[in-house]
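Let's take a walk through a protein model together, starting with the spaces in it and ending with a few single residues. Keep the structure open beside you as you read.

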Amino acid sequence: MAAAARNKALNLMRHVAKSWQHIAPEATGVTLNNRFGTTADPLTQKEYAFEMACSNIRYGPGVTQEVGMDCKNLGAKLVCVMTDKYLKSLPPVQVALESLERHKIPYKLYDRCRVEPTDESFKSAIDFSNEHEFDVFLAIGGGSVMDTCKAANLYSSKPGSELLDYVNAPIGKGLPVTHQLKPLIAVTTTAGTGSETTGTSVFDYLPMKAKTGISNRALRPTLGIVDPLHLLTMPERVTAYSGIDVLCHAIESYTAVPYEERVPRPENPNLRPAYQGCNPISDIWSGHALRMTNKYLKRAVYDKGDVEARSTMGLAASYAGIGFGNAGVHLCHGMSYPISGLVKDFVSAGYDKDIALVPHGLSVIVSAPAVFEFMAPACPERHLEAAEFLGVDITNKKKADAGKVIGDRLREIMQEIEVPDGLIALGYSKEDIPALVKGTLPQHRVIKLAPRQQTEEDLTHIFENCMRVY
């Protein structure tokens with residue numbers, strides 16, 4: 001244990017030393033003045049720094065009962081409580097509302113958050129927020145609810161903004177967030193998205209039939225609450241697909257392009273993106289999240305009474321959220337957006353039977369074996385390390401085999417929790433591949449963080465390999 005901790009510390013020191021070499025005159029032949037000057041083209045200058053940011057996190061069984069006091073401490077005069085129609089009558093919401101009432105905090109309840117939100121559902125939540133003068137936001141739900149609440153906070157804090165103003169380019173304008181948002185408390189009821197820790201809000205943009213999002217540190221919740229009591233009632237498939245999202249968050253952030261290789265370097269530190277590439281601090285959170293997921297995911301899926309497993313997966317989601325919230329995700333998520341957006345008639349147990357949707361975690365994991373087999377040649381050591389975090393003995397594994405090693409382990413995990421067999425099982429055929437590729441190409445925010453860049457032909461081949469997984 002001590003040796004492992006010492007190795008982590010040494011690796012961190014090596015990363016810091018490597019970063020310092022980037023700016024040391026004797027290593028680069030340049031001075032600090034001309035390095036930070038305006039003579040070089042900023043679009044070609046590589047990054048030399050990274051920042052760590054995440055929400056405050058509070059963990060504990062029953063801790064939701066404290067939200068009333070939290071809002072009182074924030075001086076709240078009117079709280080916007082956001083949830084969905086299923087949760088509104090369940091304990092997570094009831095406990096939170098009772099806490100608000102106990103501390104005499106006025107609130108209004110919005111219960112129309114959509115699972116897998118769209119631009120239309122976002123606009124509905126924003127309109128509700130604009131109708132009132134809320135000074136605190138309280139989200140109670142999974143990633144869909146938390147992302148909706150982030151968007152409502154963002155746009156209602158600057159009335160008159162158009163939806164695409166802050167949406168990531170090239171789909172939106174990607175404008176920086178320069179205005180002050182209201183405090184937001186996020187109570188997570190699933191163990192997957194890690195949205196309680198991040199400045200990311202994702203939605204289906206219906207005109208393009210693809211997911212996109214908003215990513216800015218300003219969106220981060222003021223406080224993320226992880227109450228393991230809420231995880232004990234999650235349906236089996238919700239537990240499986242939210243849990244597998246933890247795994248993808250962690251592997252993608254661990255294998256993302258190194259932060260010091262990312263371009264362009266921002267001209268102003270305020271413009272440094274939330275997704276910065278793998279870095280030595282995110283690595284620690286993502287690596288540990290993988291170990292936790294490997295040990296507890298299957299138990300959490302098939303035994304809702306396993307308090308240890310479900311509670312630990314709640315923590316793993318937050319750990320991975322801290323990791324990918326600063327390092328980023330890449331191609332699995334980029335491909336997942338059209339997989340979700342172009343859904344035909346797929347309906348999953350545990351979700352709304354009246355709405356065709358591919359649950360987010362499922363849309364991500366279905367491409368994972370093919371994606372990491374493609375990516376592994378760019379950074380085989382990282383892929384082997386990820387496989388080791390997932391329980392593989394890599395002692396005699398060769399770098400050339402990294403893709404197969406991680407791909408095979410992912411297939412094993414997917415089979416263990418009964419993930420459907422590829423895109424065909426989700427209702428897609430090979431005729432859909434051109435549209436899926438077209439929907440992936442604009443996802444610059446994530447696909448450009450992949451360690452190996454992809455051509456349209458590459459993406460076509462990867463989607464072909466996703467048709468069947470087993």
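How do the residues of the lining of the second largest pocket divide into nonpolar, polar and charged? This is a predicted model, and in it that lining holds 20 nonpolar, 17 polar and 7 charged residues. The second largest pocket itself contains about 1,000 Å³ of space. Of the 44 residues that line this pocket, Val115, Gly142, Thr190, Val238 and Tyr351 are the closest to its centre, and they make a handy starting point if you want to find the place on screen. Several elements give two or more residues to the lining: α5 (91-102), α7 (143-156), β6 (200-205), α8 (236-255), α11 (331-341) and α12 (360-365). Among these, α8 gives the most, with 5 residues.

Now swing over to the largest pocket, with a volume of about 1,200 Å³. It is lined by 38 residues, and the closest to its centre are Arg262, Leu271, Arg272, Pro273 and Ala274. Two elements, β7 (210-215) and α18 (444-447), each supply at least two residues of the lining. Sorted by class, the lining of the largest pocket has 20 nonpolar, 8 polar and 10 charged residues.

Pockets are open, but what about enclosed spaces? Rolling a probe the size of a water molecule over the atoms shows where empty space is left. The structure holds 3 cavities of 30 Å³ or more. The largest cavity has about 70 Å³ of space. Its lining includes Ala53, Cys54, Thr197, Arg217, Arg220 and Asn326. Ala274 is also on the list for the largest cavity, and you have already met Ala274 as one of the residues closest to the centre of the largest pocket. By class, the lining of the largest cavity comes out as 4 nonpolar, 6 polar and 2 charged residues.

The second largest cavity holds about 50 Å³. Asn168, Ala169, Pro170, Ile171, Thr212, Gly213, Pro442, Gln443, His444 and Arg445 line it. The elements that give two or more residues to this lining are β7 and α18, and both names came up at the largest pocket too. Here the classes are 4 nonpolar, 5 polar and 1 charged.

Time for some helices. Two packed helices are described by the angle between their axes and the distance between the axes. Take α11 and helix α19 (residues 456-466): their axes come within 12 Å and cross at roughly 75°. Angles of 65 to 115 degrees count as roughly perpendicular, so α11 is roughly perpendicular to α19. Which residues meet there? From α11 come Leu331, Met335 and Ile339, and from α19 come Leu459, Ile462, Phe463 and Cys466. The contact has 7 nonpolar residues, with no polar and no charged ones.

Helix α13 (residues 368-375) is another one to look at. It is mostly covered, with 7 of its 8 residues buried. The buried ones are Ala368, Pro369, Ala370, Val371, Phe372, Phe374 and Met375. What covers them includes α8, α11, α12, α14 (380-389), α15 (402-416) and α19.

Let's finish with three single residues. His360 is found in helix α12. Is His360 buried or exposed? Its relative accessible area is 17%, and the cut-off for buried is under 20%, so His360 counts as buried. Beyond its neighbours within four places in sequence, His360 is in contact with Glu116, Lys211, Asp245, His333, Ser336 and Tyr337.

Val79 lies in strand β2 (residues 79-82). With 0% relative accessibility, Val79 is buried. Leaving out residues up to four places away in sequence, Val79 touches Cys71, Ile105, Pro106, Tyr107, Lys108, Phe134, Asp135, Val136 and Leu138. Val79 and Ala139 are 60 residues apart in sequence, yet their C-alpha atoms are 10 Å apart in space.

Leu315 sits in helix α10 (residues 307-327). Its relative accessible area is 22%, so Leu315 is partly exposed. Setting aside residues up to four places away in sequence, Leu315 touches Tyr59 and Met292. Leu315 and Val329 are 14 residues apart along the chain, and their C-alpha atoms are separated by 19 Å.

Definitions and conventions. Residues are numbered from 1 along each chain as its sequence is written. This is a predicted model: local features need pLDDT of at least 70, side-chain atom pairs count only at pLDDT 80 or more; totals for chains, interfaces and linings use all residues. Side-chain values use heavy atoms; hydrogens and water are left out. On a 1 Å grid over the protein atoms alone, a cavity is a set of points where a 1.4 Å probe fits but cannot get out, and a pocket is an open set with protein on both sides within 12 Å along at least five of seven lines; lining residues have an atom within 4 Å of a point. Grid points are joined across faces, edges and corners, and a volume is the space filled by probe spheres set on the points. Helices (H or I, at least four residues) and strands (E, at least two) are DSSP runs, numbered from the N terminus. Ala, Val, Leu, Ile, Met, Phe, Trp, Tyr, Cys and Pro count as nonpolar, Asp, Glu, Lys and Arg as charged, and the others, Gly among them, as polar. Buried means under 20% relative accessible area, exposed over 50%, partly exposed in between (1.4 Å probe, protein chains only). Contact means heavy atoms within 4.5 Å. Axes are lines fitted to C-alpha atoms, for helices over the stretch in contact, and angles run from 0 to 180 degrees between N-to-C directions. Angles under 35 degrees count as roughly parallel, over 145 as roughly antiparallel, 65 to 115 as roughly perpendicular and the rest as oblique.
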